[in-house]
Amino acid sequence: QVPLVESGGGLVQAGGSLRLSCAASGSIRSIERMGWYRQAPGKQRELVATITSDDSTNYADSVKGRFTISNDNTKNTLYLQMNSLKPEDTAVYYCNARVLVLFRYLEVWGQGTLVTVSE
């Protein structure tokens, strides 16, 4: 088991900022990739941003220039700094990780944290 625990969601006005965190724990040998996904009401889950073990990042076009993904490898923690938030950013944000446990890779998800951006 590799629990992913997210925090940092909440209610913010348009133009504001939030910082999400995701802490991975358990018997992790290494983390290949971590990322943030989001799911708005009535919509499919979509990629927000990912970061690999060599710090290569990838962003959805809709968040480029506003969101920044980063990690602290010493703490197995992932962050998402969200600036200039828009109402359309309202969604449940999920942390995802591809981790090496013993001798196999696992794809794991957090429970999600709600971000609500008001007009």
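Contact here means that heavy atoms lie within 4.5 Å of each other. This is a predicted model, in which local features need pLDDT of at least 70 and side-chain atom pairs count only at pLDDT 80 or more, while totals for chains, interfaces and linings use all residues. Residues are numbered from 1 along each chain as its sequence is written, and side-chain values use heavy atoms, with hydrogens and water left out.

Select Met82 to begin: leaving aside residues up to four places away in sequence, Met82 touches Gly16, Ser17, Leu18, Leu20, Arg66, Phe67, Tyr93 and Val115.

Next, select Trp36, Leu80 and Tyr93 as well, since these three and Met82 touch the most other members of the largest nonpolar core, which has 32 residues. Such a core is a set of buried Ala, Val, Leu, Ile, Met, Phe, Trp, Tyr and Cys residues joined through side-chain atoms within 4.5 Å, and buried means under 20% relative accessible area, with a 1.4 Å probe and protein chains only. Strand E9, a strand being a DSSP run (E) of at least two residues, numbered from the N terminus, gives the most to this core, with 6 residues.

Now select Cys22 and Cys95, which are joined by a disulfide with an S to S distance of 2.1 Å, the cut-off for such a pair of cysteine sulfur atoms being within 2.5 Å. Cys22 lies in strand E3 (residues 18-24) and Cys95 in strand E9 (residues 91-101), 73 residues apart, and both cysteines are buried.

Finally, select Asn71 and Leu78, which is the bridge partner of Asn71 in E8. Strands E7 and E8 pair in the antiparallel sense over 6 bridges, where pairing requires that DSSP finds at least two bridges between two strands.

Key
Helices (H or I, at least four residues) and strands (E, at least two) are DSSP runs, numbered from the N terminus. Buried means under 20% relative accessible area, exposed over 50%, partly exposed in between (1.4 Å probe, protein chains only).
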